[in-house]
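The exercises below are worked step by step. Please look through the sequence and the model before reading each solution.

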Amino acid sequence: MKKNTGSITIDHVAAAAKVSTATVSRALNRPETVSPALKEKIHAVIKRLGYIPNAGARSLMLKRSGTIGAIVPTLDNAIFAQGLSEFQRQLNQSGHQLLVASSNYDPNIEATQITNLLTRGVEGIVLFGISQQREALKLMRTRNIPYIHVGSLAAPLNGYTSGFDNAEAIKLGVKHLLDQGHKHFGMLSGITANNDRAKDRVAGTLALLAEKKIYLKPEMIVECRYELQEARLGLKKLLLNNPKITAIICGQDVLALGALLEAQKQGIKVPKDLSIVGFDDLEISRHLLPSLTTIHIDAIGMWAQAANHLICQINGVDNLPKKIKANVNLVIRESTATAPKR
């Protein structure tokens, strides 16, 4: 019977390569200490035998786990999947592995996940947003675990960030609608509780509208989960509260898509009768009919910068920047137009 590759040990590799186990260990963990020819020979044996090094033993030897943790609000969102993919790609280049957890927008769950990652010996953690419990952040500092916030620009406890100002970003869409002559607004926002990004986007919208003497009543801001059905119901509420609405500001593209679908169902022409602006510039947004005007975030660059910054922290690099600003811009497509005359 063929030997199970799980039973292959470093002793088997050493015997087959006719070297000591210490030499095999150096070839794997400190390759610069082994000659190229010997290293090639050992790796050829490893491949032939199907040997997989024990991660725990390697961690003990190097006193490093080689793992980095990431906690995002949810895995059911394309923007997080895209970001984590780039984050992992950057970590692979430095030889690190990624452990992913989600919090469901709950600071208590996030605090538990931070503790779980610490017990697994992660060398660093990336956090999305800045709504974490302060005690959880202090725990990482006490343990001297490097971490960085992604998606926001201001961090608690004078921490590191790779992100953007959400309040200023959404103003790009609001200004575009104002320039088109719109005066009757409604807003579909994500749930603002424990979500600094959603909260800042609402604040930015209200601030810019107020500068133009346009004041949104509370009933003209509907908070909902990032789901199509929730967004459709949200648009229904807004239209009932004010049938004169000509522009909808959405805190995320999924909400904008839901609003577009509901408007089409009700026979409301977009953008002739109703203009809609999204946020995030998801891949699907450019393929909608009409295509979605939205705020584009350089998510790839943001997560790549976060990964590189975190690795630099782990390696003890000094004088790292506190804030890394991601590029943000408005993408004008077909879902917005001049306000209709009424």
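**Exercise 1.** In which loop is the place of N104? Describe its backbone and its accessibility as well.

Solution. The model is a predicted one, in which local features need pLDDT of at least 70, side-chain atom pairs count only at pLDDT 80 or more, and totals for chains, interfaces and linings use all residues. Residues are numbered from 1 along each chain as its sequence is written, and side-chain values use heavy atoms, with hydrogens and water left out. N104 lies in the loop between strand 2 (97-102) and helix 6 (107-119), where helices (H or I, at least four residues) and strands (E, at least two) are DSSP runs numbered from the N terminus. Its phi is positive, about 55°, although N104 is not a glycine. N104 counts as exposed because its relative accessibility is 57%; exposed means over 50% relative accessible area, buried under 20%, and partly exposed in between, with a 1.4 Å probe and protein chains only.

**Exercise 2.** Examine the loop between strand 9 and strand 10 for backbone features.

Solution. The loop between strand 9 and strand 10 (293-297) holds P290, and the peptide bond from L289 to P290 is cis, with omega near 0°. D281 is found in the loop between strand 9 and strand 10 too, and its phi, near 60°, is positive in a residue other than glycine. D281 counts as buried, because its relative accessibility is 10%. As background, most residues other than glycine have a negative phi, and most peptide bonds are trans.

**Exercise 3.** Locate the cis peptide bond that joins V270 and P271.

Solution. The omega of this bond between V270 and P271 is about 15°, and P271 sits in the loop between helix 11 (253-265) and strand 9 (275-280).

**Exercise 4.** Describe the nonpolar cores, and give the surroundings of L274.

Solution. A nonpolar core is a set of buried Ala, Val, Leu, Ile, Met, Phe, Trp, Tyr and Cys residues joined through side-chain atoms within 4.5 Å. The largest one has 64 residues, and those with the most contacts inside it include F87, F185, L274 and W303. Helix 12 (residues 299-314) supplies the largest share of this core, eight residues. Setting aside neighbours within four places in sequence, L274 is in contact (heavy atoms within 4.5 Å) with residues including L235, I245, I248, A263 and S335. A second, separate core of 14 residues includes A101, I125, L137 and M140.
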